[in-house]
Each structure stands twice: as C-alpha cells, then as structure tokens.
Amino acid sequence: HRANIPGADSAQARTAVRRAEGALEAQRLGSDFTALNLPFYEKSYLPGNADIAQFFALLETMHPTAVFSTSPQDRHPAHRASALVVQEAVRQYTQKYQKPLEIWFYEGPWHVFDRDAFNLVVGLDPDDVAIKMLGVLSHQSQVKRRRYDLASEALARFRSITVPEANLSSFGEGS
C-alpha cells in the first residue's frame, strides 16, 4: 500500500490496485493468487515470527517442492524482508517434515547476481517470454512509474551475453 499510484489516494485503494494486478498476473501465468498481507509491511519491513508463521502455514497447505524468491541481498526493503521470511519458513518446514524444499532465488531490477554467483540459467521459449512479459505488464501501476518491462527484457539480454558458455558446461556435475 506504499506504492505511488496516481488516483489511489488511500492505503486501502492502493492495496486494492496492487491485489487486482497480482490476480491479473496470476491469471495470465495460469496460476493461483494468494495475498498474504504479511505483518512486516506495517512494521517498517522488519519481518517477525508472525510473518514466518503465516508463510509456513501456506507451505503446509501447498507442500511445494520449490519456492521462488527474490534474493536476501535485494536492495528493495520489502523484497529483502520477503526473502528472509521465505528462508526461515522453508528452514522450519524442511526441519519439521524432513522433506527437501528448494529455494530458487531470481534476479530483478534491485539485485543482479554477481557474474559467477548463480548455478542455473533457464532458457525460455519465445512464447514463455511473451507470457512472462504479460505478467510483468499486469502491474500497470508500477510499469507506468518505472519501465520494469524494459528492465526485465534488458536483464535477460544482459545475461544472454554475459554468461559464457564455458561457465555452463559444469552445471549439474557432482558436488
């Protein structure tokens, strides 16, 4: 609700806009949408036990095998707080259920991995890239402020020319 959204003059109005954009993105990606409304948003982005418990409960409902998260090194305070919540909830989940649950961190406009600080590069079919871009463009209140759609395309192009093939040849080999 802290997003600068012209015409949305209250926290409630901004939240409604962002929820609608999230729901549209999920629809375009063929996914479900869940707004968690984690307490840290109201606490200066300082995550606590209530945030972790809420995300842990979602994990218990879904029992995923992988969770995608922004990096804990992300400069955006909400993203960084979310990543910390995800890490701790996943740690507790794997401890309780003794099941593997991977966290896959992704790059974004606020954090780009160091050149050799990643272990997987996923190529996307042009149709999948188009769907991804529809997802990004679902967030019109954000894209109108900053061209995150262009940033996403630029980051993908940047990675395609900065990841030497030689670096990929050892992916998937033993530890």
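Three exercises with worked solutions follow.

This is a predicted model, in which local features need pLDDT of at least 70, side-chain atom pairs count only at pLDDT 80 or more, and totals for chains, interfaces and linings use all residues. Residues are numbered from 1 along each chain as its sequence is written, and side-chain values use heavy atoms, with hydrogens and water left out.

**Exercise 1.** Work out which residues of α2 are buried and where they lie around the helix axis.

Solution. Helix α2 covers residues 49-62 (helices are DSSP runs of H or I, at least four residues; strands are runs of E, at least two; both are numbered from the N terminus). Its buried residues (under 20% relative accessible area, 1.4 Å probe, protein chains only) are D51, I52, F55, F56 and L59. Seen down the axis, these fall within an arc of 130° (taken from the directions from the helix axis to the C-beta atoms), so they line one face of the helix. Their cover includes β1 (66-70) and α3 (77-97).

**Exercise 2.** Decide whether S69 is buried or exposed, and list its contacts beyond four places in sequence.

Solution. S69 belongs to strand β1. Its relative accessible area is 3%, so S69 is buried. Beyond four places in sequence, S69 is in contact (heavy atoms within 4.5 Å) with A83, V86, I103, W104, F105 and Y106.

**Exercise 3.** Describe how α1 and α4 are arranged.

Solution. The axes (lines fitted to C-alpha atoms over the stretch in contact) of α1 (residues 11-29) and α4 (residues 126-137) come within 8 Å and cross at roughly 170° (angles run from 0 to 180 degrees between N-to-C directions). That makes α1 roughly antiparallel (over 145 degrees) to α4. E25, R28 and L29 in α1 meet I131, K132, L134, G135 and L137 in α4.

Technical notes. Expected span 1.5 Å × (residues − 1). Buried < 20%, exposed > 50% of the residue type's maximum accessible area, 1.4 Å probe, protein only. Parallel < 35°, antiparallel > 145°, perpendicular 65-115°, else oblique.
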